[in-house]
Amino acid sequence: MSTTTHSSSPSSLRMTPKAWGMLFVLCGAIFLEGINVAMLNVALPAIRADLGLSTGELQWVISAYVLGYGGFMLVGGRAADLFGRRRMFLAWLAVFLVVSALGGLAGEGWMLIAARFVAGVAAAVMTPAGLSIITTSFEEGPRRNQALLVYSGTAAGGFSLGLVLGGLLAAVDWRWVLFAPAVLALIILVLAVPLIPASPMERSQERKLDVTGAVTITAAIMLLVLGVERAAHVDAAWTAGALVAGLALVALFLVIERRSAAPLVRLGILRSAPLVRANLAGLLFSGAFFGFQFIAVLYLQEVRGWTSLQTSLAMLAVGADAVLAPTLTPRLVNRFGNARVILAGLLLAVLSYVLFLPIGTDTVYLAMFPTMILLGVAFALAYGPLTIVATDGVDESEQGLAGGLLYTSFQFGAALGLAGSTTVIVAVADAGDLLGAYRTALAVPIAAVALAVVVSAFGLRSERVRRG
């Protein structure tokens, strides 16, 4: 399987204005998805105050989106392959636009929660559709790598900037946290119609959808995500029940897929060792980051008393990857290969989390800055190349599926990281040591990304074999 040992002359990396226009639109969509998640996180206190939500109801504002996004990602990715990537992208971008605006108009908590669930489903279709448009529009090699690195850098940059934008908008009115993505979605939709061309695959008549498999795996993933995401808020028996039911449905799904004439997931795709490694490493890397972000935000706000905007600005340095991913990373990938660059990024992530361990009640920001900037570099080195490896060598007819698998891994990893960190914090904080709880919880992101290093290290040997 190719992993970018191609030459990288300036001409080989040059893209046409039309290609840049298409990439610009797709980057706008993934940026939209990033800011949408981040902005809402910092607006939760204002939402609770205005709509009178209980803590449990407030949690569902986030959980509903996570369930829709994680649960339907795999089906959404396959739907893009079967029914047309452009068609799915445009249609569900329009849905995202409408439900975001409706969420901003919500007068009751249930209305906002319902809008967030549908927004998650919309993102679950348009995100892998957008990724597969890139991977099918650019030939495997330097151009595709450059496009994917620009795309992934924009995604992470959207999340970092979303923290700041969310703080600013929430200070005016929390409803603008939902209206702003709706306005941006409208602009992207208008530009996307002429800039994203229909490929021959868009007209394919082969549209047999494995409905039984789709329902089974969607229910399975939703139960698993719900069980993990709610683990810190419900009793152990409830969590165990959800996880066991989810795993049972996964087993049933595998049986269905083996017997299906047109499976939702061709199980043979999982025989690709690089693809499996990329998904496992992505799951662990995502879990580590979201666990760390949760710990850092609580520490800065509850121990240090910082405002939401101050906290957002403190973490802005993580957004350095938005600049580094499209500029530095392509050169490193073409010189050293994906495996080495990914491993370097993961090792930097381990270092960044370890450097945060000495935090105290009066730690100055300058002492925290190395963690933030190193984490930004780690993202630049790992996130984009993981996307490349997860889609390289995959047949064009299954690019949406490959994207769905990867983003499902990222989403499930985020749920695991948040649940693990929350569980540790609650257990230690009950003893009365809040600062100690945050320090102890850092073991979760450190252990997760260290395991990702081990998983990714196997890629070095495979890459040497292919070169040899």
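## Buried and exposed sites in a predicted model

Arginine 116 lies in helix H5, which spans residues 109-137. The model discussed here is predicted.

Although arginine 116 is buried, it has no salt bridge. The nearest side chain of opposite charge belongs to glutamate 33 and is 7.7 Å away, whereas a salt bridge requires a side-chain nitrogen of Lys or Arg within 4 Å of a carboxyl oxygen of Asp or Glu. Not counting residues up to four places away in sequence, arginine 116 touches Asn36, Leu40, Val61, Ala64, Tyr65 and Leu178.

A second buried site is threonine 387, found in helix H15 (residues 365-391). Its relative accessible area is 2%; threonine 387 is therefore classed as buried, the limit being under 20%. Leaving aside neighbours within four places in sequence, threonine 387 is in contact with Leu131, Leu148 and Leu406.

At the surface, Leu161, Leu165, Leu168, Leu309, Leu313 and Leu316 make a nonpolar patch of about 450 Å². Helix H6 (142-172) and helix H11 (308-314) each supply at least two residues of this patch, and the largest share, 3 residues, comes from H6. Leucine 168, one of the patch residues, lies in helix H6. Leucine 168 counts as partly exposed because its relative accessibility is 45%.

The table sets out two residues by accessibility.

| Residue | Relative accessible area | Class |
|---|---|---|
| Threonine 387 | 2% | buried |
| Leucine 168 | 45% | partly exposed |

Key
Residues are numbered from 1 along each chain as its sequence is written. This is a predicted model: local features need pLDDT of at least 70, side-chain atom pairs count only at pLDDT 80 or more; totals for chains, interfaces and linings use all residues. Side-chain values use heavy atoms; hydrogens and water are left out. Helices (H or I, at least four residues) and strands (E, at least two) are DSSP runs, numbered from the N terminus. Buried means under 20% relative accessible area, exposed over 50%, partly exposed in between (1.4 Å probe, protein chains only). Lys and Arg count as positive and Asp and Glu as negative; His and the chain ends are not counted. Contact means heavy atoms within 4.5 Å. Patches are made of residues with over 30% relative accessible area and no salt bridge: like charges are joined within 9 Å, nonpolar side chains (Val, Leu, Ile, Met, Phe, Trp, Tyr) within 5 Å. Accessible areas come from the Shrake-Rupley method with a 1.4 Å probe; for residues, only the protein chains shown count as cover.
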